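Hello,

Here is the structure I promised to pass on to you. Please have it open while you read the notes below.

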Amino acid sequence: MLTTKKCPKYDLGGADLTNTDLAGADLREAELTNAKLDGANLQGADLRQAEMRWTDKSEDDHGESGFSEIGDIDFSCNADYKVSLDKVNLQSANLSETNLSGLSIDDSNLRAANLSSANLKSTFLADVDLAGANLNNANLSYVSFHNVNLQSANLQKANLSHLSFHNVNG
């Protein structure tokens, strides 16, 4: 898998892919539940319709699971982001129609990434480069932008309700 980088519909749930080079990988419809992707190079990867779910079995026997979406949040409260993508290179990656809701994305490169029709609801983005990214028809409701570069990003038809901006360029 790591040599061919062809993994459509592949189950990578729980895999530790920290700092892994997955540039150009075909991860369409891949299962990435609880996968660790911090520092991974996903430049030019195809992640269309990939599943990024979380499972929290920390304090009780029942646990909690679902998509990384944390629901409608009030920005006056502290959100608990269950999944993070830190220091990830997703430059030119195809993330169209991918559910990224509720993620914390920090210090990452999404320059020229295709996020058309992606669900980023309730996502926290800090120190992220989205210059030239395609966010056409993306759900950006309740997204929190901190130190984000949106220069030349396509935001046509994007859901921009309830956004939070802090030091945004673009």
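What follows is a short tour, from the chain as a whole down to two leucines.

Before anything else, please keep in mind that this is a predicted model. The chain has a mean pLDDT of 79, and 77% of its residues reach 70 or more. That confidence is spread unevenly: strand β2 (residues 64–67) has the lowest mean, 37, while β6 has the highest, 96. Around β2 there is a stretch to treat with care, since pLDDT stays under 50 over residues 55–81. The model does show 54 contacts for those residues beyond four places in sequence. Still, where pLDDT is low, the predicted coordinates should not be read in detail.

Now to the overall make-up. The chain contains seven strands and zero helices, so its pattern along the sequence, by the way strands and helices are assigned here, reads β-β-β-β-β-β-β. Of its 170 residues, 44% count as buried. The accessible surface comes to about 8400 Å², and carbon and sulfur atoms hold 40% of that. If you look at the contacts with a separation of 6 or more, 19% of them join residues 24 or more positions apart.

The main thing to find on screen is the sheet. Five strands build an open sheet with parallel pairing, and their order is β3-β4-β5-β6-β7. At its edges lie β3 (84–86) and β7 (164–169), each of which pairs on one side only. From one strand to the next, the twist averages 10°.

Strand β6 (residues 144–149) is a good place to zoom in, as it has a partner on either side of it in that order. With β7 it pairs in the parallel sense over five bridges. Two pairs of facing residues are easy to pick out there: V148 stands opposite V168 in β7, and N149 stands opposite N169 in β7. With β5 (residues 124–126), β6 pairs in the parallel sense over three bridges. On that side, F124 stands opposite S144 in β6.

Finally, two leucines in loops make a nice contrast. Is L110 buried or exposed? This residue sits in the loop between β4 (104–106) and β5. Its relative accessible area is 3%, and because anything under 20% counts as buried, L110 is buried. Its contacts, leaving out residues up to four places away in sequence, are L90, Q91, L95, I105, L115, V128, D129, L130 and A133. You can also check its distance to N134: the two are 24 residues apart in sequence, and their C-alpha atoms are 9.9 Å apart in space.

The other leucine is L160, in the loop between β6 and β7. What is its relative accessible area? The value is 40%, so L160 is partly exposed, as it falls between the 20% and 50% cut-offs. L160 and S141 are 19 residues apart in sequence, yet 5.3 Å apart in space from C-alpha to C-alpha.

If you have time for one view, I would suggest the pairing of β6 with β7 and its five bridges, along with the loop that holds L160.

Best wishes

How values were computed. Residues numbered from 1 in each chain as written. Predicted model: local features only at pLDDT ≥ 70, side-chain atom pairs only at ≥ 80, totals over all residues. Heavy atoms only, no water. Pairing = 2+ DSSP bridges. Helix = DSSP H or I, 4+ residues; strand = E, 2+ residues; numbered from the N terminus. Axes fitted to C-alpha atoms, helices over the stretch in contact; angles between N-to-C directions. pLDDT = per-residue confidence, 0-100. Contact = heavy atoms within 4.5 Å. Buried < 20%, exposed > 50% of the residue type's maximum accessible area, 1.4 Å probe, protein only. Areas by Shrake-Rupley, 256 points an atom, 1.4 Å probe, with all protein chains shown as cover.
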